[in-house]
Amino acid sequence: MALCGGVGAMALPSELIVHIFSFLSDRDKLRASAVCSRWRECLFYPALWTELKLRIGGGCNGGGGSSSEETPRLEFLMRKFGSFVRELRLELAPVEGYLSPLNNDPSTTRMDQLSGPDSDPQLSERWRDAMATYLDQVLCVFTSIRNNRNLQKLSLYGDTCILQQEGLLDSSNLHQIHQGDKKINEIQQLFMEFLSNSRQLRWLSCSFMLGLVTPCSLACLSNPSAETLQHLSLLDHQLGPLISPSELDRLSNLHSLALDFSDLTSELCGLLASPRQTPLHRLSLLLNGAALEFKPLDGTATEDDWKALVRVSANLRVYIMALEVDSSELLRVLKPSLPLERLHLDSYSTLVTDATLELISQQYNKTLTHFLLLRDDPDFPDLSVNRNEDPLVLLAWRCTQLAVLVIHGYTVWSHNLVAISRLRGSSLRVLTVSEESIDFDPDQSVCMEGDPVHNLVKEVSLGLGRVWHPCLDSSLVLSEPTQHFHRELHAFSIGM
């Protein structure tokens, strides 16, 4: 290996510089490349860019910059590495301060943040700028990877809740953006071109990328990629299904799948249960109550469909997020044979009843490992009213595999929290309960000495076998739900 002139770091062989660069983050690689022309040349070694993980937009990268300022950096990276990168993960953030992950004001609820762009003139301008940037950035990505035949993993998340007006996202809003219709059509064509050119795609995840996926997109997937694809995630706030039975039938080696619950029809479930298919291991389903008026549950998988699927896919585990869904709809969805491992019930005001929790704890006592019960409302209902036993305590007792329990927005009595910790002990790896959800029985407080909060912390810590504290910041519990679902299904599917 030839050494260049100079001393110190400048005298290192190129191969060694590339090896050192491989330990740096993408941002630090770019910074290091500014040291000298030789280091800049080393930056462009393909071995350094087999994987790209980017989160852009909304000024989220620090420095208070606008999302449009990130576009040139994205263009640079994609122009240099888009044609040969093997794994690409891209998250497009919303307008800064518009959704809870980027807003540190606890007094602002998620519902307040989802008001329409016309409610504030300044916000409307920010919305238009954000959408124009969104279109430019998505165009940039797919222009660069359209001919990439080596890409094996593509994960896209476009947090376009900035467009949400009274429920469903509507692509007609793009008429307000300069050349919006033209750009979205070009994006759709580029995406289909990428799918047709792909040869070894194993992971395709597209969550809430407004206007990207159409009902015709997946038909363009090449035959080689249809055989190699192991994970497929297609989630959007669209009215129609994004995958047809004929397209699913081509994916013979699918191991994990993520869809809108309303799109999992009886016919699709039957195809997944076909002996020709590789047994399915992970199924993630999003049930959005706001969409049920337009996408009813009629025609979705029946109890017999689930039984047939489980017979073929014995190791199947299911993750469901129910967003703003009332208990009557949940009772229609939660079939006895559904192998439910993770359940996330999230709402702004809709109540989960004690009868629903009773059903969950009885039907999924052998499979449930993760249970999240969240409600973003100033009222904190008590689920244990008129009951001898608290339904959450019963859930912890019956569900012997429970490892993660997160609660906010419902009253949790301190003595019940102690009971939960003792029932599950150290096997309950995560017990997150917001401080404002915890209440203390005044009759018990009389019999106890010292601070009741201190006593609670002590007792729960003893039960869990580790130090425990209630969550003091509810914003850490109430993450933006669709973003949480996208990230959780990724971890759920990758860990199969």
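Biologist: In strand S3, which residue is the bridge partner of Glu87?

Modeller: In this predicted model, strand S2, residues 87-92, runs parallel to S3 and is joined to that strand by six bridges. Within that pairing, the residue of S3 that partners Glu87 is Lys153.

Biologist: On the side of S3 that pairs with strand S4, which residue of S4 does Ser155 stand opposite?

Modeller: S3 and S4, the latter spanning residues 203-207, pair in the parallel sense over five bridges. In that pairing, the residue of S4 that stands opposite Ser155 is Ser205.

Biologist: How many of the six residues of S3 are buried, and how are they distributed over the faces of the strand?

Modeller: Lys153, Ser155 and Tyr157 point to one side, Leu154, Leu156 and Gly158 to the other, and both faces are covered. The strand, residues 153-158, is accordingly described as mostly covered, and its count of buried residues is six of six.

Biologist: What is the strand order of the sheet that contains S3, and which strands form its edges?

Modeller: The sheet is open, has twelve strands with parallel pairing, and follows the order S1-S2-S3-S4-S5-S6-S7-S8-S9-S10-S11-S13. Two of these strands pair on one side only, and these edge strands are S1, residues 51-56, and S13.

Biologist: What is the average twist from one strand to the next, and at what angle to S1 does helix H4 run?

Modeller: From one strand to the next, the twist averages 5°. Helix H4, residues 71-81, packs on the sheet and touches S1 and S2, and the angle between its direction and that of S1 is about 165°.

Biologist: Further along the sheet, which residue of S6 is the bridge partner of Leu232?

Modeller: Strand S5, residues 231-235, and strand S6, residues 256-260, are paired in the parallel sense over three bridges. The partner of Leu232 in S6 is Leu257.

Biologist: Which strands does helix H18 lie across, and at what angle does it run to S8?

Modeller: H18 has 14 residues and reaches 20 Å from its first C-alpha to its last, which is close to the 20 Å expected at 1.5 Å a residue. The helix lies across S1, S2, S3, S4, S5, S6, S7, S8, S9 and S10, and its angle to S8 is about 180°.

Biologist: Why is H18 described as largely enclosed by the rest of the structure?

Modeller: The buried positions of H18 include Pro481, Phe485, Leu489 and Phe492, and also the histidines His484, His486 and His490. The helix is called largely enclosed because its buried residues number ten of the 14.

Biologist: Is Thr482 of H18 buried or exposed, and with which side chain does its own side chain make a polar contact?

Modeller: Thr482 is found in helix H18, and it counts as buried because its relative accessible area is 4%, where the cut-off for buried is under 20%. Its side chain makes a polar contact, at 3.4 Å, with the side chain of Tyr157.

Biologist: Which elements do the buried residues of helix H17 pack against?

Modeller: H17 has 13 residues and reaches 18 Å from first to last C-alpha, close to the 18 Å expected at 1.5 Å a residue. Its buried residues are Asn455, Leu456, Val457, Val460, Ser461, Gly463 and Leu464. These pack against helix H15 (414-424) and the strands S13 (430-433) and S14 (438-439).

Biologist: Is Gly465 buried or exposed, and what is its phi?

Modeller: Gly465 lies in the loop between helix H17 and helix H18, and its C-alpha atom is 9.5 Å from that of Ser427, although the two residues are 38 apart along the chain. With a relative accessibility of 64%, Gly465 counts as exposed. Its phi, just after H17, is positive, near 75°.

Biologist: Which elements do the buried residues of helix H13 pack against?

Modeller: In H13, residues 354-363, the buried residues are Thr356, Leu357, Glu358, Ile360 and Ser361. They pack against helix H12 (327-333), S9, S10 and helix H14 (391-398).

Biologist: For the chain overall, what share of the residues counts as buried?

Modeller: The chain has 18 helices and 14 strands, and it exposes about 21,400 Å², of which carbon and sulfur atoms supply 52%. Of its 496 residues, the share that counts as buried is 53%.

Definitions and conventions: Residues numbered from 1 in each chain as written. Predicted model: local features only at pLDDT ≥ 70, side-chain atom pairs only at ≥ 80, totals over all residues. Heavy atoms only, no water. Buried < 20%, exposed > 50% of the residue type's maximum accessible area, 1.4 Å probe, protein only. Helix = DSSP H or I, 4+ residues; strand = E, 2+ residues; numbered from the N terminus. Pairing = 2+ DSSP bridges. Areas by Shrake-Rupley, 256 points an atom, 1.4 Å probe, with all protein chains shown as cover. Expected span 1.5 Å × (residues − 1). Contact = heavy atoms within 4.5 Å. Axes fitted to C-alpha atoms, helices over the stretch in contact; angles between N-to-C directions. Polar contact = N/O pair within 3.5 Å; in protein donor to acceptor, adjacent residues only side chain to side chain.
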